[in-house]
Amino acid sequence: MSPFRPAPTWLADAVLYQIYPQSFADSDGDGIGDFAGITERLDHLAWLGVNTVWLNPCFASPFNDAGYDVSDYLRVAPRYGTEEQLAELVEAAARRSIRVMLDLVAGHTSDQHPWFQAAVDDPEDHRYIWTDRVDEELPKGFVTSPGSRPGGYLPNFFDSQPALNFGYARTDPAEPWRQPVDAAGPKANRAALREVMDHWLGLGLAGFRVDMAHSLVKDDPGLTETSTLWTELRGWLDDAHPHAALLAEWGDPSVSVPAGFHSDFFLQFGGPSDGLPLRSLWNNGQGTVAEHWTQEHCYFDAAGQTSAGTFVSAWESVSGAIGDQGFVTLPSANHDFSRLACGSRTAEQLPAAFAFQLTWPALPAIYYGDEIGMRYLPDLPDHEGSRLGPRYNRAGSRTPMQWDGSANAGFSTAPAERLYLPIDPDPQRPNVAAQRADEGSLLHLVRRLIALRRSHAELGARCGLEVFHTGYPLVYLRGDRFLVVVNPRRERAEHPLPRPDLATARLVLGDGVTVGPDGIAAAGFGYGVFDLRP
């Protein structure tokens with residue numbers, strides 16, 4: 001039996017939409033998106049049918065890592081506007097039945113944060129992980145102190161992101177920086193997390209997506225102590241803010257959900273196979289590619305050289321582990337990973353991908369612009385720490401939203417050279433206005449799929465799933481009512497009818513798929529949702 005209260009009732013019906021705020025809509029012409037710009041574009045989200053938005057970090061920051069280096073958790077970054085404008089955004093979204101969640105960077109701060117500025121001169125400050133050794137080399141991974149304090153500190157990612165001290169699961173007298181999880185510094189940081197969450201939830205926010213939620217306690221085999229930390233925070237949240245949700249950037253729902261998160265994402269990293277389930281769907285070896293990935297093919301590829309079995313097996317394992325304790329969130333992409341439209345994956349291949357994502361029993365998360373088929377833009381310069389490797393430049397997934405055919409695609413009135421990132425230079429780039437005017441566009445299809453999902457509990461995150469075939473086409477049944485057929489490859493695909501009663505299923509939404517007594521046939525890039533009820 002779960003020790004937690006049930007998840008907020010609204011979460012089961014959530015269709016999430018991720019906004020990278022500096023690239024969504026610029027209201028003041030400075031070339032960077034802002035709160036007021038998002039507010040002005042809320043009607044697009046309401047029309048589309050999404051009901052939950054999460055924003056990448058919008059706290060004060062020097063932006064060495066695009067806002068994931070926080071210098072003040074209780075103040076918004078001036079580039080986005082004011083706290084009053086954030087409140088106006090939340091209120092305007094609520095009037096459209098849309099909730100707004102923030103991104104919480106829990107494991108580290110900026111080196112410009114007042115906490116760190118104090119720690120560099122105070123050997124008694126234990127808010128960060130610090131060694132005061134001066135008689136030998138610093139331990140591996142530590143960075144030399146920039147202040148009067150001797151020794152150095154441990155960063156989480158870039159040197160400008162000192163790791164907050166949540167303790168070590170395993171201590172060692174020879175390494176005194178390994179403080180236990182119940183030491184004064186770790187306890188102060190846990191209290192600070194509650195204070196930050198309490199502040200923003202008190203202003204009407206719906207919850208948080210927690211950045212790198214698995215990374216807090218160091219040297220933590222099995223992530224036992226990290227899980228305990230989040231279990232305690234979830235207990236506090238259940239009492240103080242029972243309608244708020246916690247989503248994890250952890251990548252292993254079988255661990256994070258029992259630890260206290262309401263949902264976790266399948267990500268391009270995390271879990272026992274380092275993100276392979278998600279990558280086996282979307283990663284076509286183009287766009288953001290880590291050098292250690294060995295995966296050769298993905299299911300949503302025109303060549304059709306693999307199956308969805310890797311994803312389905314992982315899904316079944318995770319579903320068995322979490323039961324009804326929470327949810328898995330399935331993203332179309334994110335700010336750290338290639339968009340669906342990447343490299344050789346063209347617009348004609350995207351409808352099948354969305355038909356799958358929006359009928360699978362997960363919480364779907366649409367990355368801004370994916371609904372119109374915005375592409376990953378290659379060969380951009382490093383920007384705000386976007387480049388993580390020779391073939392891993394996140395900037396390509398962070399380019400400005402394409403609203404219309406005007407200058408700068410309607411994103412901003414600033415000169416092109418002042419934009420946060422360049423607009424896609426392709427003259428045929430998709431945009432919202434053109435697709436709104438075209439009933440046959442991807443945008444309209446995504447809208448119809450969202451409406452279908454939200455109209456029928458059988459297509460939601462809580463209803464049953466039976467998978468009949470993981471090859472081409474992918475065939476599965478939702479809630480013993482909706483038969484879904486998806487063929488992401490270029491070539492036609494067929495499959496025998498799994499059950500005789502499916503022969504009379506009625507097509508509700510789709511293209512290029514037929515179901516009848518002779519079996520299932522799907523044209524290249526075909527998809528179909530069929531209703532078994534008359």
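Where is Thr399 found? Select Thr399 and you'll land in the loop between strand 15 (392–393) and helix 11 (432–436). Keep in mind as you click around that this is a predicted model.

**Stop 1: Thr399 and its surroundings**

Is Thr399 buried or exposed? Its relative accessibility is 0%, and anything under 20% is called buried, so Thr399 counts as buried. Now show what touches Thr399. Skipping its neighbours within four places in sequence, its contacts are Ser23, Arg339, Tyr368, Met374, Leu377, Leu380, Leu421 and Pro422. For a long hop, pick Thr224 as well: Thr399 and Thr224 are 38 Å apart, C-alpha to C-alpha, with their positions 175 residues apart in sequence.

**Stop 2: the annotated domain**

Next, select residues 18–398. UniProt, in an unreviewed entry, places the feature "domain: Glycosyl hydrolase family 13 catalytic" here. The span is 27% helix and 14% strand, and its end C-alpha atoms lie 11 Å apart.

**Stop 3: the barrel**

Switch to a cartoon view and colour the strands. There is a closed barrel of 8 strands, running 1-2-5-9-10-11-12-13 with parallel pairing. On average, neighbouring strands of this sheet are turned by 25° against each other, direction ignored.

Zoom in on one pair. Strand 2 (residues 52–55) pairs with strand 5 (residues 99–105) in the parallel sense, over 4 bridges. Pick Val53 and look across: Val100 in strand 5 stands opposite.

**Stop 4: the nonpolar cores**

In soluble globular proteins, nonpolar side chains tend to be buried together. Here, the largest nonpolar core has 130 residues. Try selecting Tyr17, Phe24, Leu55, Trp230 and Phe356, which have the most contacts inside this core. Which helix gives the most to this core? That's helix 12 (residues 442–455), with 7 residues. Then look for a second, separate core of 17 residues, with Leu11, Ala14, Leu247 and Leu363 among them.

**Stop 5: helix 9**

Finish with residues 309–322, which make up helix 9. This helix has 14 residues and reaches 20 Å from its first C-alpha to its last, close to the 20 Å expected at 1.5 Å a residue.

Which residues of helix 9 are buried? Select Gly309, Phe311, Val312, Ala314, Trp315, Val318 and Ile322 to see them. An α-helix has 3.6 residues a turn, so residues three or four places apart point the same way. The cover over the buried residues of helix 9 includes helix 7 (253–259), helix 8 (276–282), strand 12 (327–331), helix 10 (350–357) and strand 16 (465–469).

Last click: Gly323, which follows helix 9 and has a positive phi, near 55°.

Technical notes:
Residues are numbered from 1 along each chain as its sequence is written. This is a predicted model: local features need pLDDT of at least 70, side-chain atom pairs count only at pLDDT 80 or more; totals for chains, interfaces and linings use all residues. Side-chain values use heavy atoms; hydrogens and water are left out. UniProt positions are given in the numbering used here, feature names are shortened, and annotations may be inferred rather than shown by experiment. Helices (H or I, at least four residues) and strands (E, at least two) are DSSP runs, numbered from the N terminus. Two strands pair if DSSP finds at least two bridges between them. Axes are lines fitted to C-alpha atoms, for helices over the stretch in contact, and angles run from 0 to 180 degrees between N-to-C directions. A nonpolar core is a set of buried Ala, Val, Leu, Ile, Met, Phe, Trp, Tyr and Cys residues joined through side-chain atoms within 4.5 Å. Buried means under 20% relative accessible area, exposed over 50%, partly exposed in between (1.4 Å probe, protein chains only). The expected span of a helix is 1.5 Å times one less than its number of residues. Contact means heavy atoms within 4.5 Å.
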